[in-house]
Amino acid sequence: MIAEKYAKEIEGILARFPSKKSAALPLMHLAQHEYGYMSPEAMREVAEILDLDPTHILSLSGFYSLYYEEPVGKYVLEICNDLACALRGADEFVEMATDKLGIPVDGTTEDGLFTIKTVMCLGACDRAPMLQCNLKFEEHLDEAKFDLLLERLRSEANTGSSDTAVPTKILSYAAKK
Ligand code: FES
């Protein structure tokens, strides 16, 4: 349970907000990391910590593309294909990426490493094609850069390094005064 595993960090996160309810998003990131997605159990735990009804967490989870209601791969490649990015080749980039990984949009590779999703504008329209992977932007992409990104992520997965680990970012946020 995240309430026990991350007790100190959760305390740090709660201390940064005027009300418990406002801490929902970072706690959801922690829960999602713990369970791999926003499972019913993850939603219940966050709701319990924040004294909220689980349906509130469910509604947040449905609204934000960063929360997943189904299991996903270790690395979720969220490619923006909104209008501005589409004008700069995002649709072709999505096609290249899905072909390369052999999965459709919303699919996950057999090794459980990668999921591809398409998302609405991430606010980096001038740097398209771009994607977000575990809260980190990858910009000005082309096939060669995508190959390098996959190589880096595979190596990270093999070595257990945490460059793109979401909890690391959330927990460092909790530790800031
Ligand atoms: S349209 Fe893709 S980042 Fe804005």
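This is a short tour of a helix pair and a sheet in the structure above. The model is a predicted one, so keep that in mind as you click along.

**Stop 1: two helices**

Start by selecting residues 40-49, helix α4, together with residues 54-63, helix α5. The two pack with their axes 8 Å apart and at an angle of about 120°. That angle is over 115 but not over 145 degrees, and α4 and α5 are therefore oblique to each other. Viewed as a crossing, the pair is right-handed.

Now show side chains at the contact. From α4, pick Met43, Arg44, Val46 and Ala47; from α5, add Pro54, His56, Ile57, Leu58 and Ser61. Colour this selection by residue class and you will find six nonpolar, two polar and one charged residues.

**Stop 2: the sheet**

Next, switch to a cartoon view and look for an open sheet of four strands. Reading across, the order is β2-β1-β3-β4, and the pairing is mixed. At the edges sit β2 (114-119) and β4 (136-138), each of which pairs on one side only. From one strand to the next, the twist averages 25°.

Zoom in on β1, residues 75-80, beside β2: these strands run in the parallel sense and are joined by six bridges. To see one residue pair, select Cys80 and its bridge partner in β2, Val119.

**Stop 3: a helix on the sheet**

Finally, add residues 90-101, which form helix α7. This helix packs on the sheet and touches both β1 and β2. Compare directions here: that of α7 makes about 155° with that of β1.

Notes
Residues numbered from 1 in each chain as written. Predicted model: local features only at pLDDT ≥ 70, side-chain atom pairs only at ≥ 80, totals over all residues. Axes fitted to C-alpha atoms, helices over the stretch in contact; angles between N-to-C directions. Parallel < 35°, antiparallel > 145°, perpendicular 65-115°, else oblique. Left-handed = near helix turned anticlockwise from the far one by under 90°. Contact = placed C-beta atoms within 7 Å. Nonpolar A, V, L, I, M, F, W, Y, C, P; charged D, E, K, R; others polar. Pairing = 2+ DSSP bridges.
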